[in-house]
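Hello,

Here is the structure I said I would pass on. Please have a look, then read my notes below.

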Amino acid sequence: MTETRELPRVSVNKLGEYLVATPARRKRIIHDQKHPPDAQYLRYPEASQAITDFLCRGLDLNVLRESQRRFACAVPQTEFEAQRMQLCSEALERFADLVPWLDLDDAIISAVGAEPPVLEMAGVTISVRPEVVVQRLDKHGNPRVGLMKLYFSKTHPLDERSGQYIGTLLQRFAEQHLCRLGPADHRLMTVVDVFAGSLFVAPRAHIRRLGDVVLACEEIAERWAVH
């Protein structure tokens, strides 16, 4: 049964898309976030977990290949499961092409965990759920912290604006929840659009973008009841 969320809640990826979307697409995003599909109908959780394992296990490409073999050998019970395994395998192949551009040398990478905290803005709960924490020492030997967020969509690729909005929210998340690890570094906040083959880094200047996010959240909260 499809869940109905009584209180406004949106994923960070959908919020990034919302901020640059047409009015019709914005309406659809609010509806879909209020009535999300059952977890069994999500398309990419296995791909996300496989990439997280790869990042946390020394960037060993064999980890991705093993996951692809597992997807290929799986016996789907439904047509949807077969399609999901095919999409996850393709996602891993696309991500492998991006690995040389990730700039993760000398970084300590760790999984965020199953139940990360959220952000709250203008009456809306924002589910950020980054895949990994990235820690690195700066040139003075001081610790800096960042995050990586994966984005999976074949039909709605991110552009520079939406990618930077998501990156800005990653930085806010790190500032609020990871300060014990060190200062948040915008250069370590990476958004990976897996199917588009694009990487986005949080901008240094983010105050105006956060203002845009607040206005978008106000709009989502106002329209939540009518969707």
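Let me start with Arg5, which lies in the segment before strand 1. Please keep in mind throughout that this is a predicted model. Which residues does Arg5 touch, once its neighbours within four places in sequence are left aside? They are Gln33, Lys34, Pro36 and Trp224. Phe200 is another matter. It sits 195 residues from Arg5 along the chain, and 30 Å separates the two C-alpha atoms.

Now the cores.

The largest nonpolar core holds 34 residues. Leu15, Ile126, Leu147, Leu169 and Val213 have the most contacts inside it. Many elements feed this core. Among the helices, helix 1 (12–18), helix 2 (23–34), helix 6 (160–177) and helix 7 (207–223) each supply at least two residues. Strand 3 (119–121), strand 4 (124–127), strand 6 (143–151) and strand 7 (184–193) each do so too. Helix 6 gives the most, with six residues. Another core lies apart from this one. That core has 29 residues, including Ala47, Leu55, Val63 and Met85.

Take Leu147 as an example from the largest core. Leave aside the neighbours within four places in sequence, and Leu147 still has a long list of contacts. Val112, Pro130, Val132, Val133 and Val134 are among them. So are Leu170, Phe173, Ala174 and Leu178. Leu188, Met189 and Thr190 are on the list as well.

Next, the pockets.

How much space lies in the largest pocket? About 1,600 Å³. Its lining has 46 residues. Closest to the centre are Ser11, Asn13, Leu42, Arg43 and Tyr44. By class, the lining splits into 19 nonpolar, 14 polar and 13 charged residues. Strand 1 (9–11), helix 1, helix 2, helix 3 (45–56), helix 5 (79–98) and strand 6 each supply at least two lining residues. Helix 2 has the largest share, five residues.

The second largest pocket has about 250 Å³ of space. It is lined by 17 residues. Asp103, Arg136, Arg187, Leu188 and Thr190 lie nearest its centre. The lining has 10 nonpolar residues, one polar and six charged. Strand 5 (132–137), strand 6, strand 7 and strand 8 (198–201) each supply at least two of the lining residues. Strand 7 brings the largest share, with four.

Some single residues are worth a look too.

Gln171 lies in helix 6. Is Gln171 buried or exposed? Its relative accessibility is 8%, so Gln171 counts as buried. Beyond the neighbours within four places in sequence, Gln171 is in contact with Ala184, His186 and Met189. Ala202, Pro203 and His206 are also contacts of Gln171.

Arg26 is in helix 2. At 18% relative accessibility, Arg26 counts as buried, because the cut-off is under 20%. Not counting residues up to four places away in sequence, Arg26 touches Tyr18, Leu19, Ala21 and Glu219.

Asp106 is found in the loop between helix 5 and strand 2 (108–111). Its relative accessibility is 74%, so Asp106 counts as exposed. Apart from neighbours within four places in sequence, Asp106 is in contact with Gln135 and Arg136. Arg136 also appears by the centre of the second largest pocket. Leu137 is 31 residues from Asp106 along the chain, with 8.4 Å between their C-alpha atoms.

Ala82 is found in helix 5. It counts as partly exposed, because its relative accessibility is 34%. Ala72 is 10 residues away along the chain, and the two C-alpha atoms are separated by 9.4 Å.

Last, the cysteines.

A disulfide is a covalent bond between the sulfur atoms of two cysteines. How many disulfides does the count give? It comes to zero, with a cut-off of 2.5 Å between sulfur atoms. Cys217 is buried, with a relative accessible area of 0%. Cys179 counts as exposed, at 54% relative accessibility.

To find your way around, begin with Leu147 in the largest core. Then go to Ser11 and Asn13, which are among the residues closest to the centre of the largest pocket.

Best wishes

Note on methods. Residues numbered from 1 in each chain as written. Predicted model: local features only at pLDDT ≥ 70, side-chain atom pairs only at ≥ 80, totals over all residues. Heavy atoms only, no water. Core = buried A, V, L, I, M, F, W, Y, C linked by side-chain atoms within 4.5 Å. Buried < 20%, exposed > 50% of the residue type's maximum accessible area, 1.4 Å probe, protein only. Contact = heavy atoms within 4.5 Å. 1 Å grid on protein atoms, 1.4 Å probe; cavity = no way out; pocket = protein on both sides within 12 Å on 5 of 7 lines; lining within 4 Å. Points joined across faces, edges and corners; volume = space filled by probe spheres on them. Nonpolar A, V, L, I, M, F, W, Y, C, P; charged D, E, K, R; others polar.
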